[in-house]
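Open your viewer and keep the selection box at hand. This tour tells you what to pick at each stop and what is there.

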Amino acid sequence: MKLLKVLAIAVVFSVLIAACSAAPVAPAAPAADAPAVEGQATEAAAAGSVPLKLSFWGSDLDSQVYQQRVDQFIAQNPDVSVELIYIPSDYSQKVQTMIAGGTPPDIIQLSEDVHSYSSKGQIIPLNDYIAQDNIDLKARYGETGGLTTAYSADGTLYAMPDRGGALILYYNKDMFDQAGVAYPTADWTWQEFLDAAQKLTVRDGDAVTQYGFAAGGWWPWWMSFIYQNGGAILDASGKPVVNSPEVVEAIQFYNDLVYKHKVAPSPEDYANLGTNSPDPLFAQGKVAMSTTGFWGIGGLKDATFNWDIAPLFRNKAPATVLFGSGFGISKDSKHPEAAWKLIEYLTSEEGQAPIVENKQDAPANIATLNSDAFLQQSWSSKPINMAALGQSADAAFALPLTPKWNEMMSIFDTELGEVFANRAEVQPAMDSIQQQLEELFAQ
Amino acid sequence: MNRMGMIDRGVTYLFLTVLGLLLAAPFVYMISMALSSDATSAQLTFTFIPREFEFGNFVRVFTSRLNFGRFLWNSLILVFFAVIGQVFVSSLVAYAFARLRAPGKEVIFILLLSTLMIPAEVTLIPQFVLFSKLGWVNTLLPIIVPNFFGGAYNIFLLRQFITRIPVELDEAAQIDGLNYFGIYARIIVPLIFPALVAVAIFTFVWNWGAFFGPLIYINDVEKMPLALGVQILSATNSAGQIPPWNLVMVGALILTVPMILVYFFGQRFMDQFSLTGGSVGVK
Amino acid sequence: MTRKKKEALWFYLLVLPWLFGFVTLTLGAMIYSFALSLTNWDLFTTPGFVGFDNYVRLFTKDKIFWKAVYNTLFYASISVVAGMLFSLCIGYFLNRPVRGSSLYRTLYYIPATVPAVASALLFKWLLAPDVGLINRFLALFGIDGPAWLLDPAWVKPALILMSLWTVGASITLLMAGMKSIPTEFYEAAELDGASPPAQYYRITLPLLTPVIFFNLIIGMIGALQIFTQIYIMTGNGGASSMGGPNNASMMIVPYLFNNGFRFYKMGYASAIAWILFY
């Protein structure tokens, strides 16, 4: 009898524990095969027998636009349901944990770290699908293939470029007019750029009230200067070459903008301005020139001043960062065919249209990029020099993408952080980065 | 002891008041930021003394797309189950250690105490691997479930409390036909109730602001508890926008208020449960 | 079944949840962790056995790790000791026969209730170089405050300063301890003509030693695991950055996080954890 009671209590216990631990998940966590969560793809979900998960990063706007594009697809493919997983920060870390946990998204938005996925075999090659559907990558992404080169390793493509657009120069026309400076062009040299930035910087005593230029520690900003000066991060064989004279000179010039010429905000200035990005400063009219991706336009919809965009300046060569993002398919996806179908749709002209409609970003599809809808969008100010984007794409350098991208960036962040804070000299810093990168790649 | 000179008194009050002002200042600033308008927030022209009183901010965080209601709900679920598990299991285990005799008990108790010395870092990675293999990533399970295994510290403290209860009470109950679980439920629990409340409070405090666990395990915005949600709000840069610092501070306040309430209502329990077991100073 | 056996059975039944947790989440985890530390596992591909390479690397090559260890010890010891001295000092005044003592206590305690995430977000602002409240306050006295979080020399002091804000927690514990000291002790001392500070020093402090000691230990354990503040306050927005500037605020747990969860070096991260254990 007593033993029975003991057993009974044990059972109650385990049930209790099981119930308690299971309870909180039930409403929140749809299992891999469950239909999409409430509010997402509602109508189609009922019929959705093929559930897909798509992970992405970004802002609220990005979240809305992905939803719209996916909804369009579902309207045509009611058998598919799509759960969007919005991961606003620490994106790749989060996705990696999902993969490790055996619940990876079927479709993963990818960017510079594409090869930290591909090198581990976490995403599958797309070549077969491309061949099977007779997709002409040149027709879709332009003669150079756009980002398909960067997203390939050894001739195998791992992600379909989705959003593109190069790093471009935004400038405040009103400020240029006021200072009597000619608008920037693709032919601008560093010297012309610096002259303009100096004229565009307004000071009140020691305090700068208007910066001629603003950038910072984010890699595309300083890396584009390196390539403009004929330098590189990795050489053709993939070895680091970051302490070359070209690189050192470029970083020196970049840093001098802040500390020697004082035409751009320092990290300290940024901390006082409550942001680490020039985008809001430009939007608030505190900066005459800034370089950012096309998405920066979204924040300028309501700008009260006149502005335009131009390709980046050059020194020895024109160079800009072509970034953007693409979609890859997880190797553990249960429905790779359906995932491919969705990706194919999202990168088609029709699937890309909402990117333009919502002024979210520049589309990767070349036809959409060249469409009137994109080129003749109405912005708050006068027509915008959209051709700058196309011009920039031609000047894009091949990104030094490696499986160790995150670690590489961590090294750059630490060492360049000291340089950008004016606490370290450029040459020793670059020597140190070089040495650390050599070690990193030797591992 | 009861008489203080004028200077003495003056110095004491001056010290206590200045200190109070210094310690309160950041909190006042937090409130001031939370009550600022969007324009002030975008221009970062916050003032120390609140000049604007946008109480609507407290409503907006629940209606905007970044849904604080959702965060709050997730936090409540997390804390609720953590407290249930911790209080229930820790007290049962403590009871067993305090009252029941069994071979090997001393060894197990030493094991229990030794876990207090093990830094959490050592088990971090393997636990992460384990939970991810169980498919618990992106759920609250990795944060909740360990509470159902009891906490060594709580067990130790509760055991101290239980040993102070006269054993005669147990024996009397046993004669009345209660089994061990009955003794625990009818005799022990009522007598250590204040200590259980204290354990509940500690568990609440520990889990309410938990950041590291959710950061590692929760991916989807929809599933984040409040602490992580607030951080996300401050870290997400929509195109061309400075993070909405006023709303971030609203989140910080919402995160803080329950902690203050718990302090006010739980203070007497925590005092009683003073951490060395209630007998400080004189032995 | 004998009474004895039954009692033992009950014991094991009741202890089972903890025992299970111990075996899986602690003991098993530790063994697993040690095994991992001998591999180069990246969480996804098949782990390769590398012997003690990870340890060798940590001891001979990894400067950031040692920096993190130093930073953490520096931060933990100074913040905990300073916090204790500070609260003992406050405790002296609070223990005087002042009116509204509990009001003051409450006032001091409120900051300690603010969750780390909230206070980190707040202090990121307070510590801003020019517009931050702290430097604006210093400017009132003509002091040109440092750039705090952006300056390698000041980032740790900034974090310590921030930790002092939550001093109320240990004050509360000290006060609870003081309350339980019988008044006879003080009365006797007063007859001997001891001044209040002398009484505090000779009676209160010695009797509080267990509480103080306990507080120091708990404080150290907590401070050694600092993470949230570092994660929120010392990144510069880059994907992999935290613990800046120049790793001056890189601490052990953030470093472990970087290696384990950002670079996916599970083996290496496990080795770090084991070195800390010893």
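The stops below go from the domains of one chain to the helices that pack between two others. Keep in mind that this is a predicted model.

**Stop 1: two domains in chain A**

Select chain A and colour residues 34-164 and 324-369 as domain 1. Give another colour to residues 168-321 and 387-442, which form domain 2. Each domain is written as two stretches of the chain in this assignment. How far apart are the C-alpha centres of the two domains of chain A? They lie 30 Å apart.

Now look at where the domains of chain A touch. On the domain 1 side, 13 residues make contact, and they meet 12 residues of domain 2. Between them, the two domains of chain A bury about 1100 Å². Carbon and sulfur atoms carry 69% of that area. Pick E112(A), K359(A) and D361(A) in domain 1. These residues lose the most area to domain 2 of chain A, together 41% of what the domain 1 side buries.

**Stop 2: chain B against chain C**

Hide chain A. Show chains B and C together. How many residues of chain C are in contact with chain B? There are 91, and they face 93 residues of chain B. The two chains bury about 8300 Å² between them. Of this area, 78% is on carbon and sulfur atoms. In chain C, select W18(C), L25(C) and W125(C), which lose the most area to chain B. Together they make up 10% of what the chain C side buries.

**Stop 3: α5(B) and α1(C)**

Select residues 105-115 of chain B, helix α5, and residues 3-37 of chain C, helix α1. Their axes are 12 Å apart and the packing angle is about 40°. With that angle, α5(B) and α1(C) are therefore oblique to each other. Their crossing is left-handed. From α5(B), show K105(B), I108(B), L111(B), L112(B) and T115(B). Across from them, α1(C) offers F11(C), Y12(C), V15(C), W18(C), L19(C), F22(C) and T26(C). By class, this contact has 9 nonpolar, 2 polar and 1 charged residues.

**Stop 4: α1(B) and α5(C)**

Next, take helix α1 of chain B, residues 6-34, and helix α5 of chain C, residues 116-126. The axes come within 11 Å and cross at roughly 95°. So α1(B) and α5(C) are roughly perpendicular to each other. Show P26(B), Y29(B), M30(B) and M33(B) on α1(B). They meet L122(C), F123(C), W125(C) and L126(C) on α5(C). Which classes appear in this contact? The count is 8 nonpolar residues, with no polar and no charged ones.

**Stop 5: α6(B) and α13(C)**

Finish with helix α6 of chain B, residues 120-133, and helix α13 of chain C, residues 266-277. Their axes come within 7 Å and cross at roughly 155°. That is why α6(B) and α13(C) are roughly antiparallel to each other. The crossing of α6(B) and α13(C) is left-handed. On α6(B), pick E121(B), V122(B), I125(B) and F128(B). Their partners on α13(C) are M266(C), A269(C), S270(C), A273(C), W274(C) and F277(C). The residues of this contact divide into 8 nonpolar, 1 polar and 1 charged.

Terms used. Residues numbered from 1 in each chain as written. Chains lettered and ligands numbered in written order. Predicted model: local features only at pLDDT ≥ 70, side-chain atom pairs only at ≥ 80, totals over all residues. Heavy atoms only, no water. Axes fitted to C-alpha atoms, helices over the stretch in contact; angles between N-to-C directions. Helix = DSSP H or I, 4+ residues; strand = E, 2+ residues; numbered from the N terminus. Parallel < 35°, antiparallel > 145°, perpendicular 65-115°, else oblique. Left-handed = near helix turned anticlockwise from the far one by under 90°. Contact = heavy atoms within 4.5 Å. Nonpolar A, V, L, I, M, F, W, Y, C, P; charged D, E, K, R; others polar. Domains from an automatic or database assignment. Buried area = accessible area lost by both parts, 1.4 Å probe.
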